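Biologist: Please take a close look at a single part of this model, and set out what surrounds it along the chain and in space. Where a term has a cut-off, please give it.

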Amino acid sequence: MLMLYVIGIPGSGKTSTLYGALAQSEYKVEPFPFAHEEHSGGIALGRRREQFGGTDALSLAVQPKVLKFLAEQRPPVVVGEGDRLATDSFFEGVQGLGYQLNLVLMDTPVEVATARVAGRVWNPDGKWLKGRLTKVARLTMLYNPLRIDGTAPLGRCVAQLAEHPAIQQLRGKMRVTL
């Protein structure tokens with residue numbers, strides 16, 4: 001079983017890159033026990049929407065529900081992105097269930113990311129943003145993720161992520177065997 005999770009600071013390109021990589025995949029939206037997409041080869045956590053997509057569209061208290069769902073349903077591939085589930089306890093829980101965890105960091109300078117979020121309805125304050133920077137730096141240190149240059153054109157970021165076996169399986173192009 002394989003989990004691919006994309007991390008990065010707000011505005012780094014996590015949502016655009018992940019959902020761009022999944023654009024050619026057929027899926028069904030399931031609202032319960034939390035919003036997720038069912039693909040033929042696994043699931044994508046969260047839901048697509050203009051702002052605060054992916055796992056950030058989920059409740060703050062969703063982590064136990066997701067872990068319980070994964071333990072009971074055992075989807076072969078799980079993908080996700082966002083701040084909501086990007087925690088040590090979630091990643092440890094996923095690994096404890098037997099998933100091979102692959103993290104991807106959207107490596108984007110703060111100046112670029114903050115310029116991207118400046119046009120959104122919501123703009124993070126300095127204290128909140130500093131917390132996200134610290135969190136992402138800590139997860140990067142602990143998990144040594146694959147890095148995608150978040151300043152590259154979106155198409156290049158999408159193509160790079162689309163090569164990952166988890167994305168390939170959700171798109172129906174291969175079967176992951178672990």
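Modeller: Contact here means heavy atoms within 4.5 Å. The model is predicted, so local features need pLDDT of at least 70 and side-chain atom pairs count only at pLDDT 80 or more, whereas totals for chains, interfaces and linings use all residues. Residues are numbered from 1 along each chain as its sequence is written, and side-chain values use heavy atoms, with hydrogens and water left out.

The part chosen is helix H2, residues 63-73, together with its partner, helix H3, residues 88-96. Helices (H or I, at least four residues) and strands (E, at least two) are DSSP runs, numbered from the N terminus. The axes of H2 and H3 come within 10 Å and cross at roughly 10°. H2 is therefore roughly parallel to H3, a label for angles under 35 degrees. The axes are lines fitted to C-alpha atoms over the stretch in contact, with angles from 0 to 180 degrees between N-to-C directions.

On the H2 side, the contact is made by Gln 63, Val 66, Leu 67 and Leu 70. Facing them from H3 are Ser 89, Phe 90, Gly 93 and Val 94. By class, the residues of this contact comprise five nonpolar, three polar and no charged. Ala, Val, Leu, Ile, Met, Phe, Trp, Tyr, Cys and Pro count as nonpolar, Asp, Glu, Lys and Arg as charged, and the others, Gly among them, as polar.

Ala 71 also lies in H2. Its C-alpha atom is separated by 8.7 Å from that of Val 94, although the two residues are 23 apart along the chain. Ala 71 counts as partly exposed because its relative accessibility is 36%; buried means under 20%, exposed over 50%, and partly exposed in between (1.4 Å probe, protein chains only).

Next comes the loop between H2 and strand S5 (77-81), where Arg 74 is placed. Arg 74 has a positive phi of about 50° although it is not a glycine. Its relative accessible area is 35%, so Arg 74 is partly exposed.

Asn 144, in another loop, invites comparison. This residue sits between helix H5 (126-143) and strand S7 (146-149), and its phi, near 45°, is likewise positive in a residue other than glycine. Asn 144 counts as exposed because its relative accessibility is 66%.

A further backbone feature is the cis peptide bond that joins Phe 32 and Pro 33, with omega about 0°. Pro 33 belongs to the loop between strand S2 (27-30) and strand S3 (36-39).

Key
Parallel < 35°, antiparallel > 145°, perpendicular 65-115°, else oblique.
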